[in-house]
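Work through the exercises below with the coordinates open, and try each task before reading its solution.

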Amino acid sequence: MKRCIVLSGGPVSDYDQVSLCTMPDDFIVACDAGYLAAQHFGLKPDLLVGDFDSYHGEVDPGVEVLTVPAKKNDTDTLLGIKIGLENGCREFIIVGGFGGRLDHTIANLQVLSFLCEQGAQGMILANDNRAWAIRDSEITIPRLENYHISVFAWGDTCTGVTLAQLAYPLTDYTLTPTFPLGISNEFTEDTAKISVKQGTLLIIASKESTVSGHC
């Protein structure tokens, strides 16, 4: 699948330890202040898109720029996602999707669900957190050392949920969005296998902190 790297506008401190291995055929979109991510990784985006309410610096003259109105329905990140889809991409890596405003973080998590609707795959990648969404399908996630992995019914009830190769397995279970049963699971093998027969699952892997974060 053709891959799209979407550079969103979250703070650099949230992804400054990320190893981003790009490939020659990647389509790279920087979204407004996501151009700072491009600079951090030393990347020249194929496109810079946004209303530019958060980035006001200089832009490489060789980068195509698409300026959109501030009053719009889509976030800058969602615009970048849609442009990637229009360019034939079906695999997306979003960097800079966490760490800033909470409302934008939630919007970026919803973008993962939007990608499921389009028959595409997406992941948000940060220093200490990663997120995926699957709909009526399955995913295999390689073991992440010192990470907890959590699964949530995203938007509506999920039926036929199976969690395998994790410390707390489930088989053909029904998860609801009002009871977080799937939180803080642990890897037990080299991969974790997660599937849902009907519904959308939000999957988040969070690195264990030396500071207690349990609620």
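**Exercise 1.** Determine how many bridges join strand β5 to strand β6, and whether the two run parallel or antiparallel.

*Solution.* In this predicted model, begin with β5, residues 91-95, and β6, residues 121-125, which run parallel and are joined by 5 bridges. Next, take I93 as a reference point, whose bridge partner in β6 is M123. Then widen the view to the open sheet of 10 strands, which has mixed pairing and the order β4-β3-β2-β1-β5-β6-β7-β14-β9-β12. Because β4 (64-67) and β12 (185-186) stand at its edges with a single partner strand each, one side of each is left without a neighbour in the sheet. Finally, add helix α3, residues 102-117, which lies across β5, β6, β7 and β14 and runs at about 35 degrees to β7.

**Exercise 2.** Establish where D32 is found, and which side chain of opposite charge is nearest to D32.

*Solution.* First, place D32 in the loop between β2 (27-31) and α1 (35-41). Second, search for an opposite charge: the nearest such side chain is that of K72, 6.6 Å away, and D32, although buried, has no salt bridge; the cut-off for a salt bridge is 4 Å. Third, look for polar atoms, and find the backbone nitrogen of D53 at 3.2 Å from a polar atom of the D32 side chain. Last, list the contacts beyond four places in sequence, which include L48, F52, Y55 and D76.

Note on methods: Residues are numbered from 1 along each chain as its sequence is written. This is a predicted model: local features need pLDDT of at least 70, side-chain atom pairs count only at pLDDT 80 or more; totals for chains, interfaces and linings use all residues. Side-chain values use heavy atoms; hydrogens and water are left out. Helices (H or I, at least four residues) and strands (E, at least two) are DSSP runs, numbered from the N terminus. Buried means under 20% relative accessible area, exposed over 50%, partly exposed in between (1.4 Å probe, protein chains only). Lys and Arg count as positive and Asp and Glu as negative; His and the chain ends are not counted. A polar contact is a pair of N or O atoms within 3.5 Å; within protein, one must be able to donate a hydrogen and the other to accept it, and residues adjacent in sequence count only if both atoms are side-chain atoms. Contact means heavy atoms within 4.5 Å. Two strands pair if DSSP finds at least two bridges between them. Axes are lines fitted to C-alpha atoms, for helices over the stretch in contact, and angles run from 0 to 180 degrees between N-to-C directions.
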